[in-house]
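Trainee: I've got a model open on my screen and would like to learn how to read it. Could you take me through it, feature by feature?

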Amino acid sequence: MATDHQNHPAAPTITEVAAAAGVGRATVARTLGNYGSVSEATRAKVMRAAEKLGYQPNTLARSMTTGVTKTLGIVLADVANPFFSGVLKGISETAKLAGYDAIILSTDEKLELERDAIAVLLAKQVDGLVVASAAGRSDDVSHLSNAIDRGTPVVLIDRLVDRLETDSVVIDNREAARSAVASLIQNGHRRIAFAWGPVTLSPATDLKQMHGILDEALWSDGERLRGYLDALEEAGIPFDTALITHVLKNEGQATRAVSGMLALADPPTAIFTTETEATVGALHSLRARNLRVMKDVSLIGFDDSPWAAVMEPPLTMIQQPMRQMGAVASQQLIARIDGDTSAPKKHVLPSQLVARSSDGPVRAARSDQ
């Protein structure tokens with residue numbers, strides 16, 4: 001009976017590639033491992049021989065020789081979220097062009113899962129990390145600082161962590177939110193719901209408590225709410241805690257929270273949503289109460305997507321450069337892996353308010369009621 005060894009010839013070795021190319025084993029190792037000095041003519045000869053033989057490099061052995069695994073660790077809050085899906089596309093495309101693979105882990109916005117993910121990726125000896133951290137401003141981030149201290153470069157994406165001196169790629173969330181809410185105010189709205197605010201078990205009862213919550217919040221959450229408060233203050237509109245949600249971040253919770261605000265004696269005439277699930281939850285709430293977007297209640301949301309443009313009416317949305325954010329993060333990380341020792345860089349990319357038809361004058365919001 002034939003054995004598996006007889007049926008399946010052994011994989012070609014580095015020695016066989018060296019013999020076929022007429023060079024030494026060390027030259028083949030340098031060429032295929034992409035380290036050291038090799039002439040272009042020799043490199044071409046080795047690559048032709050490796051391709052002809054069907055040689056597959058041993059990445060573990062290469063990493064032991066060079067200290068480089070050509071692998072990036074990617075830790076995102078929720079890869080099912082359209083925003084993070086777009087970010088991941090930008091990271092992956094750029095990494096692939098540079099010859100890197102990516103290991104992607106999702107944390108579901110749980111800091112403990114983030115710590116576990118970082119530990120797993122460091123154990124796999126990734127060359128660097130891109131992280132959308134779930135850490136609030138007062139949370140322990142030793143898992144990230146320890147990675148940096150051991151020489152693993154870290155690029156933060158979408159969220160900053162105030163106590164970390166490292167590269168980051170973000171937008172100006174505060175200004176994006178301020179300008180969106182200001183546009184609602186310019187249309188006459190004074191009762192503007194905010195869905196959603198930082199998650200907390202003790203919602204604020206006044207502005208002072210709200211600022212205390214902001215000081216502890218996830219950076220992006222806090223910045224978007226600060227922008228909302230900036231717009232209200234600039235217009236002289238009193239802050240109303242009843243118009244801000246502090247629920248867990250999922251569509252069902254957003255639906256219930258917005259429904260509660262719409263049931264107030266003085267309900268909102270406009271809603272500003274800060275993430276896709278909050279937008280969907282708000283739309284469910286409006287439909288359940290037979291309220292029409294723009295005609296009855298204006299709406300502006302974060303994270304533009306193709307479905308927002310084909311809604312009826314099309315939704316006015318803040319567009320983040322998702323793929324560009326991922327690409328810049330990947331490029332920055334690879335530069336660090338390649339030896340860039342300059343000061344940490346904060347890349348602030350531009351967002352855009354895409355005006356469509358879901359927001360209008362407050363008189364329109366009340367005309368049919």
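Mentor: Sure, and let's begin with a word you'll need all the way through: a residue is called buried when its relative accessible area is under 20%, exposed when that is over 50%, and partly exposed in between. Keep in mind that this is a predicted model.

Trainee: Then let me try the word out. Is F302 buried or exposed?

Mentor: F302 has a relative accessible area of 0%, so F302 is buried. F272 also comes out at 0% and is therefore buried. Over the whole chain of 369 residues, 49% count as buried.

Trainee: What is the overall make-up of the chain, in helices and strands?

Mentor: You're looking at 16 helices and 11 strands. The C-alpha trace spans about 85 × 45 × 40 Å along its principal axes. If you take the contacts with a separation of 6 or more, 72% of them come from residues 24 or more positions apart.

Trainee: Back to those phenylalanines. How do I read a pair of rings?

Mentor: A pair of aromatic rings is described by the distance of the centres and the angle of the planes. The count here is four aromatic pairs. One of them is F83 with F84, an edge-to-face pair with 5.0 Å centre to centre and 70° between the planes. F83, at 3% relative accessibility, counts as buried, and F84 is buried with a relative accessible area of 3%.

F272 and F302 make a tilted pair, with 6.1 Å centre to centre and 55° between the planes. F272 lies in strand β7 and F302 in strand β8, so this pair ties together parts that are 30 residues apart in sequence.

Trainee: Which residues form an aromatic cluster with F272 and F302?

Mentor: F194 and Y228 do; with F272 and F302 they form one aromatic cluster.

Trainee: Now helices. What should I look at when two of them pack?

Mentor: Two packed helices are described by the angle between their axes and the distance between the axes. Try α9 (residues 173–186) and α11 (residues 219–235): their axes come within 7 Å and cross at roughly 35°. The crossing of α9 past α11 is right-handed. Among the residues that meet are R174, V181 and I185 in α9, and W219, R226 and Y228 in α11. Sorted by class, that contact has nine nonpolar, three polar and seven charged residues.

Trainee: R226 is an arginine in that contact. Is R226 buried or exposed?

Mentor: R226, in helix α11, has 13% relative accessibility and therefore counts as buried. Leaving aside neighbours within four places in sequence, R226 is in contact with R137, R174, H211, L214 and D215.

Trainee: How can I check the length of a helix?

Mentor: Compare the span with what 1.5 Å a residue would give. Helix α15 (residues 322–337) has 16 residues and should span 22 Å; its end C-alpha atoms are 23 Å apart, which agrees. Helix α13 (residues 276–288) has 13 residues and reaches 19 Å from its first C-alpha to its last, close to the expected 18 Å.

Trainee: What do the buried residues of α15 pack against?

Mentor: They pack against β1, α6, β3, β4, β5 and β10. The buried residues of α15 include M325, V328, L333 and I334. In α13, the buried set includes T276, A282 and L286.

Trainee: And the backbone? Where does phi turn positive just after these two helices?

Mentor: Just after α15, G339 takes a positive phi of about 115°, while N290, just after α13, has one of about 55°. Another case is E109, which is not a glycine yet has a positive phi of about 60°. E109 sits in the loop between β2 and α7, and with a relative accessible area of 29% it is partly exposed. Q125, not a glycine either, has a positive phi of about 60° and lies in the loop between α7 and β3.

Trainee: Last one: which peptide bonds are cis?

Mentor: Look at A195 to W196, a cis bond with omega near 10°; W196 is in the loop between β6 and α10. A cis bond also joins E312 and P313, with omega about 0°, and P313 is in the loop between α14 and β9.

Conventions:
Residues are numbered from 1 along each chain as its sequence is written. This is a predicted model: local features need pLDDT of at least 70, side-chain atom pairs count only at pLDDT 80 or more; totals for chains, interfaces and linings use all residues. Side-chain values use heavy atoms; hydrogens and water are left out. Axes are lines fitted to C-alpha atoms, for helices over the stretch in contact, and angles run from 0 to 180 degrees between N-to-C directions. Helices (H or I, at least four residues) and strands (E, at least two) are DSSP runs, numbered from the N terminus. A crossing is left-handed if the near helix is turned anticlockwise from the far one by less than a right angle, and right-handed if clockwise. Contact means heavy atoms within 4.5 Å. Ala, Val, Leu, Ile, Met, Phe, Trp, Tyr, Cys and Pro count as nonpolar, Asp, Glu, Lys and Arg as charged, and the others, Gly among them, as polar. The expected span of a helix is 1.5 Å times one less than its number of residues. Buried means under 20% relative accessible area, exposed over 50%, partly exposed in between (1.4 Å probe, protein chains only). Rings of Phe, Tyr and Trp (its six-membered ring) pair if their centres lie within 6.5 Å; planes under 30 degrees apart count as stacked, over 60 as edge-to-face and the rest as tilted.
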